[in-house]
Amino acid sequence: MIIWLSSYPRSGNTFFRILLKQLYGINTPTAYVGSDYSAFEVGKNLVGHVPDEWTVEEMASKPEVLIVKTHRRANDNFPAIYLHRDGRDSIVSYARKKSKAGNIDQYHDTLKELITTSKSSTGTWGQNVLHWLNRDPKNTVFVRYEDLIANPELIVAKALHKLNLGFSLKKTERTALTFEALQSVNPHFFRRGVVGSYKDELPNDLEALFWQQPEHAEAMKLLGYQTLGQRNSH
């Protein structure tokens, strides 16, 4: 049985996986056969990497519960935990990761592309969010990134409880349960983790472009994030 652990990229998915592993001993496969890139970047043991290359169909047929990472807009009724973050912060973080360090032109081009273009099953930030918001709310638990980094253990426990998943806490030593600790593991992957990082990383013209996309504006409103004009100038 599959429980999706889904998000738009750079919205806390890997951090949540690490917490599942460190707190509960839960290993998490991905929806992408042979493509668990985050596990290779931060450490397979830390993130709870599953080496078996199962397809989604194979995982769905298994009797045990599998919490499966995805960034896709899943078209099924499997229960899910969906992590969301202020879209501007997600896009800024994603653009930084996709761009060569110090290449400002590439960074700006990547930002614009992420804001306006959907080229994959992930979709744009707004498309991804709206897809998951439109699912059956009875089997989808929504987790705010901002809450997750503020109180990781409590937020993970609440998400598991809402889906009636009776996992027990590990009694062994746990490591790297704060964002600061994870930065020491891989400072490029765990870059800032700051709420409102867009305020000094997203140029004004590109933020305006972000709000001009209807799906972003609708998703931000539904999730309760602040609107244009409530930001700090830079």
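Is helix α1 largely enclosed by the rest of the structure or largely exposed, and how many of its residues are buried? In this predicted model, 12 of the 12 residues of α1 are buried, so the helix is largely enclosed by the rest of the structure. Buried denotes a relative accessible area under 20%, exposed one over 50%, and partly exposed the range in between, with a 1.4 Å probe and protein chains only.

The model is predicted, so local features need pLDDT of at least 70 and side-chain atom pairs count only at pLDDT 80 or more, whereas totals for chains, interfaces and linings use all residues. Residues are numbered from 1 along each chain as its sequence is written, and side-chain values use heavy atoms, with hydrogens and water left out.

## Helix α1 and its surroundings

Helices (H or I, at least four residues) and strands (E, at least two) are DSSP runs numbered from the N terminus. The buried residues of α1 are N13, T14, F15, F16, R17, I18, L19, L20, K21, Q22, L23 and Y24. From its first C-alpha to its last, this helix of 12 residues reaches 16 Å, close to the 16 Å expected at 1.5 Å a residue; the expected span is 1.5 Å times one less than the number of residues. After α1 comes G25, with a positive phi near 70°.

Several residues of α1 also appear among the contacts of V156, which belongs to helix α9 (residues 152-162). Contact means heavy atoms within 4.5 Å. Leaving aside neighbours within four places in sequence, V156 is in contact with F16, L19, L20, Y24 and L148. V156 counts as buried because its relative accessibility is 0%. Its C-alpha atom is separated by 19 Å from that of W132, 24 residues apart along the chain.

K69 lies in strand β2 (residues 66-70) and, at 10% relative accessibility, counts as buried. With neighbours within four places in sequence set aside, its contacts are L5, N13, R17, P29, T30, A31, Y32 and S38.

## Nonpolar cores

A nonpolar core is a set of buried Ala, Val, Leu, Ile, Met, Phe, Trp, Tyr and Cys residues joined through side-chain atoms within 4.5 Å. The largest core has 32 residues, and those with the most contacts inside it are W4, V68, I91, L111, W125 and F210. A second, separate core of 31 residues includes L19, L23, V47 and F179. Not counting residues up to four places away in sequence, W4 touches A31, V56, V68, T70, A74, D76, F78, P79, A80, I81, W132 and R135.

W132 is also one of the contacts of F142, together with Y82, H84 and L133, when neighbours within four places in sequence are left aside. F142 is found in strand β4 (residues 140-144) and is partly exposed, with a relative accessible area of 30%. The C-alpha atoms of F142 and R72, 70 residues apart along the chain, are separated by 16 Å.

## Pockets

On a 1 Å grid over the protein atoms alone, a pocket is an open set of points where a 1.4 Å probe fits, with protein on both sides within 12 Å along at least five of seven lines, and lining residues have an atom within 4 Å of a point. Grid points are joined across faces, edges and corners, and a volume is the space filled by probe spheres set on the points. Ala, Val, Leu, Ile, Met, Phe, Trp, Tyr, Cys and Pro count as nonpolar, Asp, Glu, Lys and Arg as charged, and the others, Gly among them, as polar.

| Pocket | Volume | Nonpolar lining | Polar lining | Charged lining |
|---|---|---|---|---|
| Largest pocket | about 760 Å³ | 11 residues | 16 residues | 11 residues |
| Second largest pocket | about 160 Å³ | 8 residues | 5 residues | 3 residues |

The largest pocket has a volume of about 760 Å³. Of the 38 residues lining this pocket, P9, R10, H71, Y94 and K97 are the closest to its centre. Two or more lining residues come from each of α1 (13-24), α2 (37-42), α5 (87-98) and α6 (104-116). The largest share, 5 residues, is contributed by α5. For the second largest pocket, the closest to the centre among 16 lining residues are Y32, G34, H49, V50 and D52.

## Positive phi outside glycine

R10 is not a glycine, yet its phi is positive, about 65°. R10 sits in the loop between β1 (2-7) and α1 and is buried, with a relative accessible area of 15%. N164, also not a glycine, has a positive phi of about 55°. N164 is located in the loop between α9 and α10 (179-185) and counts as exposed at 69% relative accessibility.
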